Amino acid sequence: MPIVKRLDDMHKKYELKYDGTNVTNRLTAVEELKNARFEAASSVIYNVVETVRDILSEEGVPTGLWAKYIAFGEIVAKLTFSHKGLTLQKEISGVKSYFQTAYNADPAILDRIVEAVLGVVPPY
């Protein structure tokens, strides 16, 4: 017959297994490394958001419509982390088509965002 784990039993085991001071000491010891990794990983997305904001300001897009373009820029940046070449072109083409049809986004602005993130607009 299998043993049924009860929440009370699991909680008692957790309290015995993980001492609060040990956990605090371990997290404090790696805090600088953790912060450096976070800043390195998030700086790419931060730069994309700021670049897209500059493009939208130049194009005169009302601030209420910025979210869809910022989301598009973040998706393009995310795709560049895992794809390249023809696969990246097809993925971006699909995302661009989706944003045009679903959110009525301006294709010229989307192309400017792709160019800012990639450095070049791929042929569609």
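At what angle do helix H5 and helix H6 pack? Select residues 85–103 for H5 and residues 107–118 for H6 in this predicted model. The two helices pack at an angle of about 145°, and their axes are 10 Å apart. If you look at how H5 and H6 cross, the crossing is right-handed.

Now show the side chains where this pair meets. From H5, pick Leu88, Ile92, Lys96, Phe99 and Gln100. From H6, pick Pro107, Leu110, Asp111, Val114 and Leu118. Sorted by class, this contact of H5 with H6 holds seven nonpolar, one polar and two charged residues.

Next, keep H6 on screen and add helix H4, residues 66–82. The axes of H4 and H6 come within 10 Å and cross at roughly 40°, so these two helices are oblique to each other. Their crossing is right-handed. On the H4 side, select Tyr69, Phe72, Gly73, Val76, Ala77 and Thr80. Their partners on H6 are Ile109, Leu110, Ile113, Val114, Val117 and Leu118. Here the classes are ten nonpolar, two polar and no charged residues.

Let's zoom in on Ile113. Setting aside neighbours within four places in sequence, Ile113 is in contact with Val52, Ile55, Tyr69, Phe72 and Gly73.

Last stop: the largest nonpolar core, which has 22 residues. Highlight Val52, Leu56, Tyr69, Phe72, Ile109 and Ile113, the members that touch the most other members. Add helix H3 (31–59) to your view, and you will have H3, H4, H5 and H6, each of which supplies at least two residues of this core. Which helix gives the most to this core? That is H4, with seven residues.

Definitions and conventions: Residues are numbered from 1 along each chain as its sequence is written. This is a predicted model: local features need pLDDT of at least 70, side-chain atom pairs count only at pLDDT 80 or more; totals for chains, interfaces and linings use all residues. Side-chain values use heavy atoms; hydrogens and water are left out. Axes are lines fitted to C-alpha atoms, for helices over the stretch in contact, and angles run from 0 to 180 degrees between N-to-C directions. Helices (H or I, at least four residues) and strands (E, at least two) are DSSP runs, numbered from the N terminus. A crossing is left-handed if the near helix is turned anticlockwise from the far one by less than a right angle, and right-handed if clockwise. Contact means heavy atoms within 4.5 Å. Ala, Val, Leu, Ile, Met, Phe, Trp, Tyr, Cys and Pro count as nonpolar, Asp, Glu, Lys and Arg as charged, and the others, Gly among them, as polar. Angles under 35 degrees count as roughly parallel, over 145 as roughly antiparallel, 65 to 115 as roughly perpendicular and the rest as oblique. A nonpolar core is a set of buried Ala, Val, Leu, Ile, Met, Phe, Trp, Tyr and Cys residues joined through side-chain atoms within 4.5 Å. Buried means under 20% relative accessible area, exposed over 50%, partly exposed in between (1.4 Å probe, protein chains only).
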